[in-house]
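Reader: Could you walk me through how the labels in this model were reached? I'd like to see each value set against its cut-off.

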Amino acid sequence: MTAVTLPVALPRTSRWPWFGAFAFLFLITSQALAIITSPADRDMGDLQKIMYVHVPSAWITMLSFFVVLVFSVRYLWQRRENDDLLAASAAEVGATFNGLTLVLGMLWGRPTWGVWWTWDARLTSTLVLFLIFVGYLSLRAFIDEPVRRAQWSAAVGILGAINVPIVYLSVRWWRTLHQVQSSPSTVDPLYVLFLRANAFAFLFVMIYFIRQRYEAARIERDAELAAQAVALGGR
Amino acid sequence: MGRSADWGRIRAIAWKDLTAERRSKAGFYSVAALGITILVLFGFALGPDTRALRDAAVGALWLAVFFAGVLTFNRSYQVELDSGALDTLLLYGGGRWTIFTGKLLANLAFVMMMLVIVLIVGAVLFQVEVPAQWPTLLAVLALGVIGLVTLGTFYAAMASRSRAREVLLPLLLFPMMVPVLLAAIQASKALFGADLMQESGAWMRLLVAYDLVFLIITHLAFEYVIEV
Amino acid sequence: MASWKSHTLLDARDIARRFGARWVLRGASITVASGEVVGLLGANGSGKSTFLRVLATLLRPNAGSATIAGHDIMREPDAVRHSIGFLAHTPGLYDDLTARENLVFAAAMLGLPDADDDIHCALERVALTHVADERVRGFSAGMQRRLAIARLSLSRPRVLLLDEPYSNLDTAGTVLMNSLITDTVDAGGAALVVLHELAPSAGVIDRLATVHEGRIDSGLYEAEVEPRLALVGAD
């Protein structure tokens, strides 16, 4: 166990608010530039511009699953509480982006395919991932004991992350009618450029969000530990 | 000690679980009855058109096994929790994975037996004829059950000891089961339809890979979920 | 007791453990030497059982450390498990197995080869031979306790951790319990026994300690016990 210090030391460093401001400025700029400069798509018109949000947020969803995997493995290996809190933060952020991806996909699907939902491979596997995230987060919500919560959710996080490629493969075999992934050489180079810029913008936002959620969780835990130290009679 | 002691533990746990289960017969029969009830409800939902029933038979069968199976997995740990036996079990020493393997084998036997009953009733209710490639079909069923029982036994170790265990287990388990469900249903369907496209082989390879991956990972991770 | 040079078999230092926000143990320490039987007294909820469960490696302490038979409970839990015999409130038996089957299972889990004779002796010792092939479900609480004692004797533990071992036991059962304790101690072992009354353990206990608000006050000898008991009762 780490030594308990009183009073609660706020882990906030001055860099992070600046990083957050930078992330959001970068996001606004690259979104604005992408929407203004990109030409309307031949088939889809302005609808295509939703891709600048949809595609990066799908990438971020996958990335956060990977982050959950890494921190869960590191938690079981080194048993540092911070890794557990980071995994949980990444899962929360990942679930948010996952939900965003699904909603945007449906918004795009309605005018394109004429339906809100279709059992297409990528859409369906994104939904399954969302359900796995929900399972992970509900497990955390149902357990109060910190070590138990950390170990159990690490196990669930690792199994869930490993299942991601298997789910994707199985759903793709099951059915594919998603548009074939555009390879960058056949589309407007500007589109590719701004897609990449926006992917980085989302990445920065994701890192900032995870950091914020982590700090909140850390402060909560420190407050708990401080209360414990008081209960122990300031040993 | 060593390997033979581990094997002794695995056998003891599987034997103990199955003996207790055999003596309290009510458990098995009620779970099997639930599986049949679900099949009947599917019949009402999808019938009475015979062709529609036949097409949906495989999916209905698998879902019936899924839902009835979920009850099995929590029960498997309830035996340990009832009289504080889990503490005693954890104090015997040796690798904790042996507890998992033992329970896995017992649950496997239990779900397989249930599957046989549900399968026979389902074949009658949905008017399914046994396909020529029935040995392959049996292999598909076995692979699917292994996947279900592996993850079910693993997640139940957590769910059975948490609040809201009735909802937590299916919430964790079912999304993870999507590849098994798809592969088992598609492979079974292909086999019922003479499998002209040779699809079943690909799905079976997916099932084998899934089972292997999760058998290994659950055995490695079990220690972390049972000890706290 | 025997006259060999006694050494420390159980050494717990500053064990702290909480459940949720409530600290049940706030720095409990105790030392038990080989050949020694220590009784642990305390009001309900004073943390006696939690302390025993921490020592038995069933609960992780939030702070503190302990060694049993030279093994650290956190770093070498498996070695600790092989040296202890733990008896909880609940007998930890399987209702749908017979008395004999429960012992056969225990022997297999302990990795004892050819345990048939040991099982026979153990059943004889606790006077359950006549019901050996009946299911435990029909046993009275006292019979279940005796069977638990039989199971405990199979593993020949060096350190006994007993949680209110005399509850539900009749006079004959109490004698059995005491003979298990003295046998273990005479073989160079030790015992830490949680008690809620002193009478049954008379003549077996060497030393008493009281648990009060998660801390242990040890080193009370029999002459000092009576006034302390009044204090415990007043809690």
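Reader: Why is C:Arg81 called buried?

Author: Happy to start there, with the reminder that this is a predicted model. C:Arg81 has a relative accessibility of 9%, and buried means under 20%, so C:Arg81 counts as buried.

Reader: What makes C:Arg81 and C:Asp78 a salt bridge?

Author: Their closest N and O atoms are 3.8 Å apart, and the cut-off is within 4 Å, so the pair qualifies. The two residues lie three apart in helix α2 of chain C, which means about one helical turn separates them.

Reader: And why does C:Asp78 count as partly exposed?

Author: C:Asp78 is at 31% relative accessibility. Partly exposed lies between the 20% limit for buried and the 50% limit for exposed, so that label fits C:Asp78.

Reader: How do you know that C:Asp96 and C:Arg135 form a salt bridge?

Author: The N to O distance is 3.9 Å, and the rule asks for within 4 Å, so this pair passes too. C:Asp96 sits in the loop between β6 and α3 of chain C, and C:Arg135 in the loop between α4 and α5, 39 residues apart. C:Asp96, at 12%, is buried, whereas C:Arg135, at 39%, is partly exposed.

Reader: Which salt bridge joins a side chain of chain C to one of chain B?

Author: One of them pairs C:Glu101 with B:Arg23, at 2.8 Å from N to O. That is within 4 Å, so the pair counts as a salt bridge. Between chain C and chain B the count is two salt bridges.

How values were computed:
Residues are numbered from 1 along each chain as its sequence is written. Chains are lettered from A and ligands numbered from 1 in the order in which they are written. This is a predicted model: local features need pLDDT of at least 70, side-chain atom pairs count only at pLDDT 80 or more; totals for chains, interfaces and linings use all residues. Side-chain values use heavy atoms; hydrogens and water are left out. Helices (H or I, at least four residues) and strands (E, at least two) are DSSP runs, numbered from the N terminus. Buried means under 20% relative accessible area, exposed over 50%, partly exposed in between (1.4 Å probe, protein chains only).
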